[in-house]
There are 2 protein chains.
Amino acid sequence: MQTSPRSVETRPFRELCADHGLAVTHQRQVLYEVMQTMPGHPSPEEVYERVKKRIPAISLATVYKNIHLFVERGVLKEVSMHHGSLRVELNSHLHHHMVCSHCKAITDIEEKDLGVLPALQQLPGGFRAERYAIDVIGICATCQKTKRS
Amino acid sequence: MQTSPRSVETRPFRELCADHGLAVTHQRQVLYEVMQTMPGHPSPEEVYERVKKRIPAISLATVYKNIHLFVERGVLKEVSMHHGSLRVELNSHLHHHMVCSHCKAITDIEEKDLGVLPALQQLPGGFRAERYAIDVIGICATCQKTKRS
DNA sequence: TGACGAACAAGAATAATTATCGTTTACTAG
DNA sequence: CTAGTAAACGATAATTATTCTTGTTCGTCA
């Protein structure tokens, strides 16, 4: 029996946890199910509000801890690598960024070093594009050397 | 006389302020000069620490206010749009994001709707790229209607 | 010179996130 | 099935990041 394209995620939660080396807990299951019903880009607070409807006793800290765990194991993705605080740079020439997913270091990369790039064309939903910012996400040289377990 | 490629920003600060409709104050000038010496992606806190060496009496709030003002007027650029809190999404199919620079709303955009894309090739500095994330930054349809002054 | 408004400093207030710690729960071997 | 062990949980305190409030200062223009 193959997975149905209807559902966002058909595999049972136990299997998903096993795949990612996570213990199966009721809180995690509800957390995951709730997020399946939130197709957008929810904040921890928003997820917490919804989960509380099903587990009124859940702690916000649990939501945070599991979201981080999910991100770490690849079940969830951070929408944008942000670094806990606002980062700015002088608005000079065109460039983009390489972000190390391990140490979060940001390095500039010239636009030409990225190869072919998308044009700012007509976009869905009447969105008026002004510029685009590309984050190349990976592991920096330093963290590659510092092999982790 | 053309700008020298040597310096990050050659135009005198007064002129830059005039161009962006900003009053010239000592704090702003030092703030700007300090940021020229920080080629990376400093956080407000880091900028504050450095500025304090030259203006010990400066307030952190002043740094924040002026950074925001600079961003608003295009003197500085946010490295990635700041949403105030962590945003996550289920790690499903490949897509990117459109971010409204006004209301900060995030909308998904299919990879195919972006046109030609860069390849994950060899990058400078031995960085091992795993994926890339593109933020198209602009104004969403709703904010286009809600014309601001 | 004197009033006016923008900019400022200080610190309180708020929002977001993380850490601590005692208790409970899930997984494993027997 | 049951006990042992490590991981997960909940409550809440602590931290960090950011914004707001208020009173003061400074530069400009009449």
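Colleague: What makes up the surface near DNA strand C, by class?

Modeller: In this predicted model, that surface has 13 nonpolar, eleven polar and two charged residues. Ala counts as nonpolar and Thr as polar.

Colleague: Which residues come nearest to DNA strand C, and why are they called near?

Modeller: Among the 26 residues around the strand, Ala61(A), Thr25(B), Gln27(B), Thr62(B) and Ser85(B) come nearest. They are called near because the C-beta atom of such a residue lies within 6 Å of the strand.

Colleague: Which elements give two or more residues to this surface?

Modeller: They are α3 (44-54) and α4 (60-73) of chain A, and α2 (26-36) and α4 (60-73) of chain B. With four residues, α4(A) gives the most.

Colleague: Which residues touch the most other members of the largest nonpolar core?

Modeller: Tyr132(A), Ile134(A) and Ile134(B) do, in a core of 24 residues. Two or more residues each come from β3 (95-100) and β5 (128-139) of chain A, and from β3 (95-100) and β5 (128-139) of chain B. The largest share, six residues, is that of β5(B).

Colleague: What does Tyr132(A) touch, leaving aside residues up to four places away in sequence?

Modeller: Tyr132(A) touches Pro118(A) and Leu120(A), as well as Ile134(B), Asp135(B), Val136(B) and Ile137(B). Apart from the largest core lies another, of 15 residues, including Leu86(A), Val88(A), Val47(B) and Val75(B).

Colleague: How do you know what confidence the predictor has in chain A?

Modeller: On a scale from 0 to 100, chain A averages a pLDDT of 87, and 91% of the residues score at least 70. Over residues 1-10 of chain A, however, the pLDDT is below 50.

How values were computed
Residues numbered from 1 in each chain as written. Chains lettered and ligands numbered in written order. Predicted model: local features only at pLDDT ≥ 70, side-chain atom pairs only at ≥ 80, totals over all residues. Contact = placed C-beta atoms within 7 Å. Core = buried A, V, L, I, M, F, W, Y, C linked by C-beta atoms within 7 Å. Buried ≥ 20, exposed ≤ 12 C-beta atoms within 10 Å, placed from the backbone.
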